[in-house]
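User: I would like to go through this structure by question and answer. Please give the reasoning before each result.

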Amino acid sequence: MRTPVIAGNWKMHNTVQEATDLVRELKQNLSGIEGVEIIVGPPFTALCAVVSELGGSNISVAAQNVFWEEKGAFTGEIAPGMIKETGCSHAIIGHSERRQYFGETDETVNKRVKAALSAGLIPIVCVGETLEQRESGNTMNVVKKQIKGSLDGFTPSDFDSIIIAYEPVWAIGTGKTASPDQAQEVHKFIRNTISEIAGRDISQNMRILYGGSVKPDNVDEIMQQEDVDGALVGGASLKADLFTRIVNFKK
Ligand code: PEP
């Protein structure tokens, strides 16, 4: 009932030329795929080229961040309207690397999500606990606070447009994946939290992606979990053959 989403987060990788080469291959590999939403997330500099290369294909494009103001003296920031103008449809917001290295908080994530929605972009909102928080038994508290803070003040129709990515920080880029049971436990908890905030129907329709060292050899069992509706893929999204296999997960 929930269409799965497989999204690639390229992080700070790929020049315009490299990005174009990668999506050319992906476009070919993934052309016949149905029933899965496929998204790639290049750096800002390659957005226009990637959107242009993917025109008419079944692959959508996400920015990796978005600022909340429309214009002004904000050196180095990119406005939602500017991202929309490139032809992007999605924006990854609140990735743990943004939270960890660039001072992102639930409050700034909330502003970015609001701005993205106003510009007609679909936000992919990232949440997840650190290893220390997990080991001290605080995973659920942390995730609940992030969800409530990041998604405060939205209408039911806003919720319909939002995708959540649960990404345990200790599993990102480390080769350690949450076990399917660990992922399912938190995904279910997130769905229940959305139900408390926005109601059961909205929570049942909400896509919740898992992120953290998703690879061809672990995607199938992760995708078999009831509340896992897709994956946000970092490292393995940079290689056409690996990402192709992940999109072709077996449920
Ligand atoms: C990510 O960047 O969101 C991510 C999950 O990275 P990786 O797949 O490399 O762990």
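User: Which residue in β5 is the bridge partner of I93?

Analyst: The model is a predicted one. Strand β4 covers residues 90-93, and β5 covers residues 122-127. Four bridges join these two strands, which run parallel. Within β5, I93 is bridged to V125.

User: Which residue of β5 stands opposite A91?

Analyst: A91 and I93 point the same way from β4, while H90 and I92 point the other way. Each of these residues is buried. In β5, the residue opposite A91 is P123.

User: How many of the six residues of β5 are buried?

Analyst: Buried stands for a relative accessible area under 20%. Strand β5 is largely enclosed by the rest of the structure, because the buried residues among its six number five.

User: Which residue in β6 stands opposite I124?

Analyst: Besides β4, β5 also pairs with strand β6 (residues 163-166), in the parallel sense and over four bridges. The residue of β6 that faces I124 is I163.

User: What is the hand of the β-α-β crossover from β3 to β4?

Analyst: Strand β3 spans residues 59-63 and is parallel to β4, with two bridges between them. A62 stands opposite H90 of β4. Between the two strands the chain passes through helix α3 (residues 80-86), and the crossover is right-handed.

User: In what order do the eight strands close into a barrel, and what is the average twist from one strand to the next?

Analyst: The pairing around the barrel is parallel. The order is β1-β2-β3-β4-β5-β6-β7-β8. From one strand to the next, the twist averages 25 degrees.

User: Which residue of β8 is the bridge partner of G211?

Analyst: Strand β7 holds residues 207-211 and strand β8 holds residues 230-233. They pair in the parallel sense over two bridges. The partner of G211 in β8 is L232.

User: What covers the buried residues of α11?

Analyst: Helix α11 runs over residues 216-223, and its buried residues include N218, V219, D220, I222 and M223. Their cover includes β7, β8 and α12 (240-247).

User: Is G234 buried or exposed, and which residues does it touch beyond four places in sequence?

Analyst: G234 sits in the loop between β8 and α12. Its relative accessibility is 18%, so G234 counts as buried. The C-alpha atom of G234 is 5.9 Å from that of W10, although 224 residues separate them along the chain. Leaving out residues up to four places away in sequence, G234 touches N9 and K11.

User: Which residues is T20 in contact with, leaving aside its neighbours within four places in sequence?

Analyst: T20 belongs to helix α1 (residues 16-29). With a relative accessible area of 10%, T20 is buried. Apart from those sequence neighbours, its contacts are A49 and E53.

User: How is the ring pair of F67 and W68 classed: stacked, edge-to-face or tilted?

Analyst: Five aromatic pairs turn up in a search of the whole structure. For F67 and W68 the ring centres are 4.4 Å apart and the planes are at 35 degrees. That angle falls neither under 30 degrees nor over 60, so the pair is tilted.

User: Are F67 and W68 buried or partly exposed, and which residue joins them in a cluster?

Analyst: F67 has 8% relative accessibility and is buried. W68 has a relative accessible area of 23%, so W68 is partly exposed. Ring pairs link F67 and W68 into a cluster with F74.

User: How is the ring pair of Y101 and F102 classed: stacked, edge-to-face or tilted?

Analyst: Y101 is exposed at 57% relative accessibility, and F102 is exposed with a relative accessible area of 53%. Their ring centres are 6.4 Å apart and their planes are at 85 degrees. An angle over 60 degrees is the criterion met here, so the pair is edge-to-face.

User: At what distance from the ring centre of F102 does R98 lie?

Analyst: A charge can count as sitting over a ring within 6 Å of the ring centre. The charged end of K114 sits over the ring of F154, 5.5 Å from its centre. R98 lies over the face of F102, and its distance from the ring centre is 4.2 Å.

Notes
Residues numbered from 1 in each chain as written. Predicted model: local features only at pLDDT ≥ 70, side-chain atom pairs only at ≥ 80, totals over all residues. Heavy atoms only, no water. Buried < 20%, exposed > 50% of the residue type's maximum accessible area, 1.4 Å probe, protein only. Pairing = 2+ DSSP bridges. Right-handed = clockwise from strand over helix to strand, strands pointing away. Contact = heavy atoms within 4.5 Å. Phe/Tyr/Trp six-rings, centres within 6.5 Å; stacked < 30°, edge-to-face > 60°. Lys NZ or Arg CZ within 6 Å of the ring centre and 35° of its normal. Axes fitted to C-alpha atoms, helices over the stretch in contact; angles between N-to-C directions.
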